[in-house]
Amino acid sequence: VTARRLIDPEFDHEKEYVVTVDQPIRREDLRTMSDGMMILGSITKPAQVKKIGDKRFQIILTEGRNRQIRRMCEMLGYAVTALKRTRVMNIELGDLPSGKTRPLTSGEVKQLKHLLGMS
């Protein structure tokens, strides 16, 4: 039950990413991603999107469709050149290398249990 609460998209947990694309990103395209857009036959849930550079933006999703960010960018005419997950719920990933793990702090565990309704 705990793993399902953590990974199942129906629970709307935030996942934060930093995305780099191949050309300058237009503000209207960030707004389109923010509002939700059609991919794979249905509209994505609204997302929090913020421009952080000419070709970089931060996006916070509450769903996790297969290759969702890449598909959204492709629909708007961009190719993703770099994609890094930086946070899942309350867990900041920082510079954790891909495929590596780190122990959670007691504070992270406590907050995670609270967010999952287990406290």
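1. Let's start with charge. The protein chain carries 22 positive and 15 negative side chains, and the centres of these two sets sit 4 Å apart. Keep in mind as you look around that this is a predicted model.

2. Now the overall layout. You can count four helices and seven strands in the protein chain. Walking along the sequence, you meet them in the pattern α-β-α-β-β-β-β-α-β-β-α. The C-alpha atoms fill a box of roughly 45 × 30 × 20 Å along the principal axes.

3. Next, inside and outside. Of the 119 residues in the protein chain, 32% are buried. The chain exposes about 7,500 Å², and 52% of that comes from carbon and sulfur atoms. As for contacts between residues at least 6 apart in sequence, 63% link residues at least 24 apart.

4. Helix H3 deserves a closer look. Which residues of H3 are buried? In this helix, which spans residues 68–75, they are Gln68, Ile69, Met72 and Cys73. These four are on the same side of H3 because they cover an arc of only 130° around the axis. A rule of thumb helps here: an α-helix has 3.6 residues a turn, so residues three or four places apart point the same way.

5. What about the other side of H3? There, Glu74 and Met75 are exposed. The cover over the buried residues of H3, meanwhile, includes strand E1 (15–21), helix H2 (27–35), strand E2 (38–39), strand E5 (56–61) and strand E6 (80–88).

6. One last detail to check: just after H3, Gly77 takes a positive phi of about 95°.

Definitions and conventions. Residues numbered from 1 in each chain as written. Predicted model: local features only at pLDDT ≥ 70, side-chain atom pairs only at ≥ 80, totals over all residues. Heavy atoms only, no water. Helix = DSSP H or I, 4+ residues; strand = E, 2+ residues; numbered from the N terminus. Buried < 20%, exposed > 50% of the residue type's maximum accessible area, 1.4 Å probe, protein only. Contact = heavy atoms within 4.5 Å. Areas by Shrake-Rupley, 256 points an atom, 1.4 Å probe, with all protein chains shown as cover. Lys, Arg positive; Asp, Glu negative; His and termini not counted. Charge placed at Lys NZ, Arg CZ, Asp CG, Glu CD. Arc of directions from axis to C-beta.
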